[in-house]
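Colleague: Please give me a close look at chain B, written for a reader who is new to this model.

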Amino acid sequence: MKKIYLDYAATTPVDKAVLKEMLPYFSEKFGNAMSVHSFGQDALQAMDTARTRVAKYFHAAPGEIIFTSGATESNNLAVKGVLKSYHSKHKVKPHIITTAFEHHCILDACKAAEKEGLAEVTFIKPDKEGIVSEKEIAKAIRKNTIFISVMYVNNEIGTVQPIAKIGKIVKAKNSERRAGFDFPIVFHTDATQAINYFDCDVDKLGVDLLSMSAHKIYGPKGAGMLYVRKGTRIRRIQDGGDQEYKLRAGTHNVPGIVGLGKAIEILHKNKGNDAQKIKILRNHLISRVLKEVSGSRLNGSRIKRSPNNANFSFQDVEGEGLLLSLDMEGVACSTGSACSSGALSPSHVLLSIGLKPEQAHGSLRVTLGKFTTKKDIDQAVNKIKNVVERLRKISGNILNDYYSAK
Amino acid sequence: MQYSKKVIEHFTRPHNQGIIKNPSGVGMVGNPVCGDLMKIYIKVDKNNQGEEYIKNIKFETLGCASAIATSSMITELAKGKTLDEALKITRNDVADALEGLPPIKMHCSNLADDGLHQAIKDYQNKNKKKK
């Protein structure tokens, strides 16, 4: 049985060309990029190439690219590093704005800051379509707001947020602010799910900080990046060596960084083509599922969403059982059900756009990638149909019984 | 999630799945917030010794693999047992019969014993009223 991978938002396979470029940097050119000798210089040169490629993709300067271990680290550095910079000079408790459906690394970093008394935090709720309104963000800005973090594309429902519009708002606020409060608002976006499909020109977006991971773009795991606009007030949160312009201590993951650079370069060349192809397949998937599986719904806006993402809820079906059954049939997807992750409540993303818990438990995220074919999609839909039908036989009428007994 | 072979077996081919028309007792446990809902139907009869026993038992479950497997397993364990015996079946018995459950599932998706006990109590309450 040929296995069908439809979980590209979780991770992607390393592109063969990326792997080829990385391999010499394990055993042959193994130098520490901070060393003065030729071994070190070889590593440094490879890293410089990667840095230039990445900078070009984001229309940034190489000196604004901070390599990290991935988006989780980048996001932690963003939240905590800006707060640290603020607290080094200011006494007034600062204010942070983020959204209710960020990735846990942002949410938890913000909640920790709140708990430790380092900041007040406002969590903006998205609308039913899964879009955060830039007006809501603007309204939430206070005198002491120093940090705004809004993800570019939501990782579960694939909805696209108005980053450039928020960027403009922040810019306007900051120019008014100069006279009073002297710490400008730092605007951050977690662009992890956006890199493959959306314009990531940091000037067009108006962001000061931008996070990403290599493994979502056919690069290796354990490598990522934080774009830091020149002049942004941020401090390092991990003590140690002087790597990455003193913003990220720790020996460089040279093969990983080389892989990230190559993955970005390939993406730069093929972006439009892949996105178009994937979008056509994804639309085919959505129309078939909604038409052929009764009691199904698409979560999140159909239009303002990443070309590779579909997120469904199926009535009277629980996601973990669905996932497990599909896996036995050779189809790999993901769910917002609590049961699959060991959490106690279902996806905070799906709840934030107004789904009932049982709808969130009955969700299935299908994410496509550049190796997905029409045949994959058609086979997957057929299997989804069968599995949903089987599980509905087992659940019978129980949900209705439950509510009528209430 | 690492499930035992037995759990997968009962999840893919659950035993005694469905409903009983005019059941002697029904038990419903769980809630949609946790994601697991379970309904147990029993038909009670008297055996040769005049003791009440579970002649037939069925279930409906909306839930994860372990919720379905534990439902299936409890019907196996309870079928043919006297009510007194059935009331003694615990969630550990169910987990053991399934060759173990992942620790996180012991708590949230192992409700079948509650469902069974509720169904028996439902039957006993109804009978009290009749008497």
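Modeller: Two residues are in contact if their C-beta atoms, placed from the backbone, lie within 7 Å. Among the contacts in chain B between residues at least 6 apart in sequence, 65% join residues at least 24 apart.

The model is predicted: local features need a pLDDT of at least 70, side-chain atom pairs count only at pLDDT 80 or more, and totals for chains, interfaces and linings use all residues. Residues are numbered from 1 along each chain as its sequence is written, while chains are lettered from A and ligands numbered from 1 in the order in which they are written.

As to confidence, pLDDT is the predictor's confidence in each residue, on a scale from 0 to 100. Chain B averages a pLDDT of 93, and 96% of its residues score at least 70. Within chain B, the lowest mean, 77, belongs to helix H5 (residues 103-108), whereas the highest, 97, belongs to strand S3. For the complex, the predictor gives an ipTM of 0.93 and a pTM of 0.94.

The general form of chain B comes next. Helices (H or I, at least four residues) and strands (E, at least two) are DSSP runs, numbered from the N terminus. By that reckoning chain B has six helices and three strands, and from the N terminus on, its elements follow the order α-β-β-β-α-α-α-α-α. Its C-alpha atoms fill a box of roughly 50 × 30 × 20 Å, taken along the principal axes. The radius of gyration is taken over C-alpha atoms, and the globule rule is 2.2 Å times the number of residues to the power 0.38. A compact globule of 131 residues would have a radius of gyration near 14 Å, and the 14 Å of chain B agrees with this.

A residue is buried if 20 or more other C-beta atoms lie within 10 Å of its own, exposed if 12 or fewer do, and partly exposed in between, with C-beta atoms placed from the backbone. Of the 131 residues of chain B, 47% count as buried. In S3(B), eight of the eleven residues are buried, so this strand is largely enclosed by the rest of the structure.

S3(B) also has a partner strand. Two strands pair if DSSP finds at least two bridges between them; S2(B) and S3(B) are joined by ten bridges and run antiparallel. One of the bridges pairs B:Ile40 with B:Phe59, a residue of S3(B). The two strands form a hairpin with five residues between them, and in this hairpin B:Gly50 takes a positive phi near 80 degrees.

Another residue to examine is B:Ile8, which is found in helix H1 (residues 5-12) of chain B. B:Ile8 is partly exposed, because 15 other C-beta atoms lie within 10 Å. Along the chain, 88 residues separate B:Ile8 from B:Asp96, and their C-alpha atoms are 14 Å apart.

It remains to describe how chain B meets chain A. The contact takes 19 residues from chain B and 21 residues from chain A. On the chain B side, strand S2 (36-46), strand S3 (52-62) and helix H2 (65-78) each supply at least two residues. S3(B) gives the most to that side, with three residues. Nonpolar residues here are Ala, Val, Leu, Ile, Met, Phe, Trp, Tyr, Cys and Pro; charged ones are Asp, Glu, Lys and Arg; the others, Gly among them, count as polar. The residues on the side of chain B that touches chain A divide into twelve nonpolar, five polar and two charged.

A few words on chain A complete the setting. Chain A contains 16 helices and twelve strands, and its C-alpha atoms fill a box of roughly 65 × 55 × 35 Å along the principal axes. Of its 406 residues, 51% count as buried. Chain A is divided into domain 1 (4-10 + 271-405) and domain 2 (16-266), with bounds that come from an automatic or database domain assignment.

To return to chain B, S3(B) appears in several parts of this account: this strand has the highest mean confidence in the chain, is joined to S2(B) by ten bridges, and gives the most residues to the side that touches chain A.
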